[in-house]
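Could you walk me through this structure in the viewer, one selection at a time? I am new to this and would like to know what to click on next and what I will find there.

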Amino acid sequence: MDKFDTTMNDIIFLKTSNFIGDEIELQFIEKSMASEPDTAIPNYRFNIVESASNKSAGTLNFRAGYNENIENFRGNIGFTVFKSHRGNNYSTKSCLLLIPFFEFLEMETIWLTCNKNNHASRESI
């Protein structure tokens with residue numbers, strides 16, 4: 001498979017794979033193209049669900065591709081963890097759950113970036 005193939009193989013993989021950990025699971029929501037300025041890069045959106053309560057703890061966006069903006073500013077992964085669920089390392093745990101998908105896409109490098117003033121994200125990275 002060609003890297004970042006946009007055929008249905010990625011969707012089939014996502015719909016037939018389980019991204020389940022001890023505390024959270026990732027539920028695939030949709031595939032779209034990333035927002036400006038990265039509109040040529042596929043974006044996969046996931047719901048982060050807390051296993052014990054079955055409640056949404058946030059969302060994860062995975063941009064499957066590389067360019068200067070991704071590598072230096074935006075990164076491949078963006079998180080939103082709801083305030084009531086912070087402090088549980090759900091961002092880090094979500095990344096670990098996606099390793100099989102990174103491997104499926106043959107992505108050897110995943111760029112993680114954050115604002116230098118975002119202490120929670122800095123700790124996750």
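Here is a short tour of this predicted model, with something to select at each stop.

**Stop 1: the sheet**

Switch to a cartoon view and look for the strands. Five of them form an open sheet in the order 1-2-3-4-5, and their pairing is antiparallel. Strand 1 (19-20) and strand 5 (77-81) are at the edges; each has a single partner strand, so one side of each has no neighbour in the sheet. As background, strands in a sheet pair through backbone hydrogen bonds, and the pairing can be parallel or antiparallel.

**Stop 2: walking across the strands**

Select residues 24-33 and 42-50, which are strand 2 and strand 3. How many bridges join strand 2 to strand 3? There are nine, and the two strands run antiparallel. To see one facing position, pick Phe 28: Phe 46 in strand 3 stands opposite.

Now add strand 4, residues 55-63. Eight bridges join strand 3 to strand 4, again in an antiparallel arrangement. Here Asn 43 stands opposite Arg 63 in strand 4. Follow the chain between these two strands and you will trace a hairpin, with four residues separating strand 3 from strand 4. Click on Asn 54 in the turn, which has a positive phi of about 60°.

Continue to strand 5, which five bridges join to strand 4, also antiparallel. Select Phe 62 and look across to Ile 77, its bridge partner in strand 5.

Before leaving the sheet, colour strand 3 by accessibility if your viewer allows. Is strand 3 mostly covered or mostly open? Strand 3 is mostly covered, as eight of its nine residues are buried.

**Stop 3: rings that meet**

Show the aromatic side chains. The model has nine aromatic pairs. Begin with Phe 13 and Phe 101: their ring centres are 5.8 Å apart and their planes lie at 20°, so this pair is stacked. Phe 13 belongs to helix 1 and Phe 101 to helix 4 (residues 99-104), so to speak two distant parts of the chain, 88 residues apart. Both Phe 13 and Phe 101 are buried.Next, select Phe 19 and Phe 46. The centres of these rings are 6.1 Å apart and their planes are at 80°, so the pair is edge-to-face. Phe 19 lies in strand 1 and Phe 46 in strand 3, so this pair ties together parts that are 27 residues apart in sequence. Phe 19 is buried, with a relative accessible area of 3%, and Phe 46 is buried with a value of 0%.

To finish this stop, select Phe 13, Tyr 44, Phe 62, Phe 101, Phe 102 and Phe 104 together. Ring pairs link these residues into a cluster.

**Stop 4: an exposed residue**

Move to Lys 15 in helix 1. Is Lys 15 buried or exposed? At 64% relative accessibility, Lys 15 counts as exposed. Then add Gln 27: the C-alpha atoms of Lys 15 and Gln 27 are separated by 9.0 Å, while the two residues are 12 apart along the chain.

**Stop 5: the largest pocket**

End the tour at the largest pocket, which holds about 600 Å³ of space. Which residues lie nearest its centre? They are Phe 79, Ser 91, Ala 120, Ser 121 and Ser 124, out of 25 residues that line the pocket. Strand 5, helix 3 and helix 5 (119-124) are the elements that give two or more residues to this lining.

Methods. Residues are numbered from 1 along each chain as its sequence is written. This is a predicted model: local features need pLDDT of at least 70, side-chain atom pairs count only at pLDDT 80 or more; totals for chains, interfaces and linings use all residues. Side-chain values use heavy atoms; hydrogens and water are left out. Two strands pair if DSSP finds at least two bridges between them. Contact means heavy atoms within 4.5 Å. Axes are lines fitted to C-alpha atoms, for helices over the stretch in contact, and angles run from 0 to 180 degrees between N-to-C directions. Rings of Phe, Tyr and Trp (its six-membered ring) pair if their centres lie within 6.5 Å; planes under 30 degrees apart count as stacked, over 60 as edge-to-face and the rest as tilted. Buried means under 20% relative accessible area, exposed over 50%, partly exposed in between (1.4 Å probe, protein chains only). On a 1 Å grid over the protein atoms alone, a cavity is a set of points where a 1.4 Å probe fits but cannot get out, and a pocket is an open set with protein on both sides within 12 Å along at least five of seven lines; lining residues have an atom within 4 Å of a point. Grid points are joined across faces, edges and corners, and a volume is the space filled by probe spheres set on the points.
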